[in-house]
Amino acid sequence: MRLLALALHRLLWFVPTLLGLLVVTFVISRVIPADPVALVAGETATPAQVEALRHQLGYDRPLPVQFVDYVARLARGDMGVSLFTRRPIVDDLAHRLPATIELTVVAMLVSVLVGIPLGVVSALWRNSLLDHALRVLTVSGLAIAGFWLGIMLQLLFSMRLGWTPLNGRLPGYPPRDLTGFYLIDAALTWDWGTFGAALQHLALPAATLAFPALATLVRFTRAGVLDVMESNFALYERAMGLPRPLIVWKYVLRSALTSTVTQIGLLFGILLAGAVVTEAVFDWPGIGTYAVNSILRSDYNAVMGFTVWAGAIFIVVNLLVDVAHTLVDPRERAS
Amino acid sequence: MIQNVSAAWFVVTRLARDRSALIGLVLIALLVLAAVLAPVLATHPDDVFELHPSERLKEPSGAHWLGTDRMGADVYSRLLFGARITILIGVIAVGASLALGVPIGLVAGYHHGWASDLLMRVSDIFLAVPQVVLAIAIAQTLGPSLPNVILALSVTYWPWFARVVYAETRALQKEVFVESTTALGASPWRLTVLHVLPNIASPIIVRASIGMGFTILTAAALGFLGLGPPPPTPEWGRTIAEAREFLPDAWPPPTPEWGRTIAESREFLPDAWWYAAAPGVAIFLTVMGFNLLGDGLRDVLDPRLRRSAARDG
């Protein structure tokens with residue numbers, strides 16, 4: 001019951017945060033530009049056309065009325081029409097979302113599966129050559145420009161060595177559309193050739209995207225394990241003569257990882273921000289590439305639609321992480 | 001004054017003893033040197049504006065240390081001038097974020113009430129969206145230009161300062177010296193500016209150093225996406241007429257912003273690898289310098305925040 005109340009409390013914060021995000025995007029799209037309608041109409045429109053469009057879009061009404069209308073439209077899932085594709089922006093984004101989720105989830109898996117063991121190893125062999133090498137890696141991970149790393153990987157693995165495809169998600173037809181995630185669709189239809197090809201296409205973008213998140217995870221895990229190793233209970237277990245691997249991989253790790261779970265929300269932020277540029281580099285047909293193409297075409301509605309979506313996804317994930325953390329950590333429940 | 005100087009000297013000597021902080025300091029010093037002395041250090045200082053079609057995409061050599069780009073300009077010389085843009089963006093954006101975030105954090109931290117809550121909620125909303133996403137939206141709305149990039153980065157970065165200052169100010173209110181200063185009749189203004197602010201300077205400085213790295217990285221991404229500073233208006237008539245024949249699309253020469261240079265280099269890969277590699281390494285070293293310095297400053301200035309990872313060195 002207490003748990004439910006806590007989850008509800010977190011959920012209550014969700015609404016004002018989302019509304020706040022909408023205020024921000026509304027201000028960016030309607031208040032900052034000198035004339036938002038002229039921006040939408042394009043450079044070739046005549047003044048009369050601009051005025052007609054202004055009335056048609058309802059931009060001649062007072063700002064608060066416009067804002068309520070804006071929120072009401074968004075609640076109905078209406079983000080307007082892309083100026084370039086002439087299709088509803090919601091459809092464009094929904095169509096591309098699975099590609100982004102697939103890339104982000106694979107990158108997240110890579111960074112968790114590689115980053116956490118490396119962090120533990122780094123803490124256990126503190127000040128060893130390996131630890132120093134990993135420290136260089138983590139420092140680099142947070143300083144490297146994702147788009148540049150992607151281009152360098154393409155240069156080496158696709159152009160020079162020819163091991164991986166240069167860009168895109170699949171060369172031919174996608175597998176039968178069941179979930180929109182090519183890996184899952186290919187596995188479900190037992191199409192292992194496509195599965196392998198999809199995996200090959202994923203390798204470089206996922207590695208590019210995972211690198212900064214991985215660096216962050218190594219750093220947090222190392223610090224967490226070192227802290228717990230010096231705690232009283234770990235000392236007690238050592239004094240009781242428990243085998244070191246048991247202490248480390250069972251008790252210490254479980255305790256150290258509780259704080260790492262909290263960082264997953266942060267990691268997701270790194271991944272989502274990175275996805276925009278990573279997708280652009282690898283021509284990955286997700287919402288990031290859509291946003292970048294919209295920027296290049298000055299498709300202003302679509303850029304705003306992307307901002308709302310990306311912000312909303314991020315807020316939802318953080319909410320879920322918060323709730324999950326409450327479930328995992330008994331101390332959170334008590335307070 | 002003398003106290004300040006000796007305090008600063010203490011920080012510098014402590015930083016110099018921390019190996020990674022020292023590397024950070026050296027990298028930043030090199031960056032500043034490159035930016036200030038760009039016209040002197042550049043081997044081809046005129047290449048930021050001039051075209052040499054015959055020198056196009058030459059490999060690194062004695063004449064062109066880092067090769068030449070698609071317009072025959074010396075990559076090394078253009079990198080040096082690009083450092084000026086990078087420093088300009090970083091310093092102004094972080095400065096503006098400080099100017100906005102610190103007062104907001106102080107006010108919200110000092111006063112208790114709905115207005116403070118509202119201020120912090122607003123900053124939470126900005127923190128709830130990845131910075132690059134909001135910066136893209138703002139830069140796109142305003143149009144690509146140097147001031148707009150700086151504006152977009154400042155608008156999206158100030159909440160980090162507001163949050164740090166808010167938390168520190170709230171924590172300080174429990175301290176005895178704040179209570180006694182208030183009891184002595186100090187005005188809120190005097191208390192926050194003369195007593196609270198100096199005591200929370202350390203976390204602000206640390207955040208500013210890390211913010212420089214982060215802002216420069218985001219600025220490079222904006223430049224790469226075509227939202228950075230646009231090409232300057234050309235006024236070199238003679239060169240244009242010459243160049244149009246050879247390179248119809250390449251004029252006017254773009255600003256030597258690093259992220260943008262990487263975007264331009266892509267169509268010449270894999271042959272002209274130096275063209276793409278050099279600016280990326282420059283971004284990497286710059287951001288690493290500020291990150292290492294930030295970590296080092298945290299250890300020296302703020303023992304409470306001492307990263308566990310650094311306990312060894």
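In this predicted model, helix α2 of chain B, residues 19-36, packs against helix α4 of the same chain, residues 75-110, with the two axes 7 Å apart and an angle of about 110 degrees between them. Because angles of 65 to 115 degrees are counted as roughly perpendicular, α2(B) is described as roughly perpendicular to α4(B). The crossing of α2(B) and α4(B) is left-handed. On the α2(B) side the contact is made by B:Leu31, B:Val32, B:Ala34 and B:Ala35, and on the α4(B) side by B:Leu80, B:Ala83, B:Arg84 and B:Ile87. Sorted by class, the residues of this contact comprise 7 nonpolar and 1 charged, with no polar residue among them.

Further along chain B lies helix α8, which covers residues 176-183 and contains B:Val178. The number of buried residues among the 8 of α8(B) is 0, so this helix lies largely in the open. B:Val178 itself has 19 C-beta neighbours inside 10 Å and is therefore classed as partly exposed, given that 20 or more would be needed for a residue to count as buried. Leaving aside residues up to four places away in sequence, B:Val178 touches B:Leu172, B:Gln173, B:Leu191, B:His195 and B:Val196. One of these partners, B:Leu191, is 13 residues from B:Val178 along the chain, and the C-alpha atoms of the two are separated by 7.5 Å. After α8(B) comes B:Gly185, a residue with a positive phi, near 95 degrees.

Turning to chain A, the reader will find 14 helices and 0 strands, so that, from the N terminus on, every element in the order α-α-α-α-α-α-α-α-α-α-α-α-α-α is helical. Taken along the principal axes, the C-alpha atoms of chain A fill a box of roughly 85 × 55 × 40 Å. Of the 335 residues in chain A, 38% are buried. Among the contacts in chain A with a separation of 6 or more, 69% are between residues 24 or more positions apart.

Two loops of chain A deserve a look at the backbone. Most residues other than glycine have a negative phi. A:Trp190, however, has a positive phi, near 60 degrees, and is not a glycine. A:Trp190 sits in the loop between α8, residues 182-188, and α9 of chain A. With 9 other C-beta atoms within 10 Å, A:Trp190 is exposed, because a residue with 12 or fewer falls into that class. A:Asp283 likewise is not a glycine and has a positive phi, of about 55 degrees. The place of A:Asp283 is the loop between α11 and α12 of chain A, where 14 other C-beta atoms lie within 10 Å of its own, so that A:Asp283 is partly exposed.

The two chains also meet each other, in a contact that takes 47 residues from chain A and 43 residues from chain B. On the side of chain A that touches chain B, at least two residues are supplied by each of α1 (2-31), α7 (146-160), α9 (192-229), α11 (244-282), α12 (287-296) and α13 (300-328). The helices on either side of the loop that holds A:Asp283, namely α11 and α12, are thus both among the elements that supply this side of chain A. By class, the residues that chain A brings to the contact with chain B divide into 33 nonpolar, 9 polar and 5 charged.

Notes:
Residues numbered from 1 in each chain as written. Chains lettered and ligands numbered in written order. Predicted model: local features only at pLDDT ≥ 70, side-chain atom pairs only at ≥ 80, totals over all residues. Contact = placed C-beta atoms within 7 Å. Helix = DSSP H or I, 4+ residues; strand = E, 2+ residues; numbered from the N terminus. Nonpolar A, V, L, I, M, F, W, Y, C, P; charged D, E, K, R; others polar. Axes fitted to C-alpha atoms, helices over the stretch in contact; angles between N-to-C directions. Parallel < 35°, antiparallel > 145°, perpendicular 65-115°, else oblique. Left-handed = near helix turned anticlockwise from the far one by under 90°.
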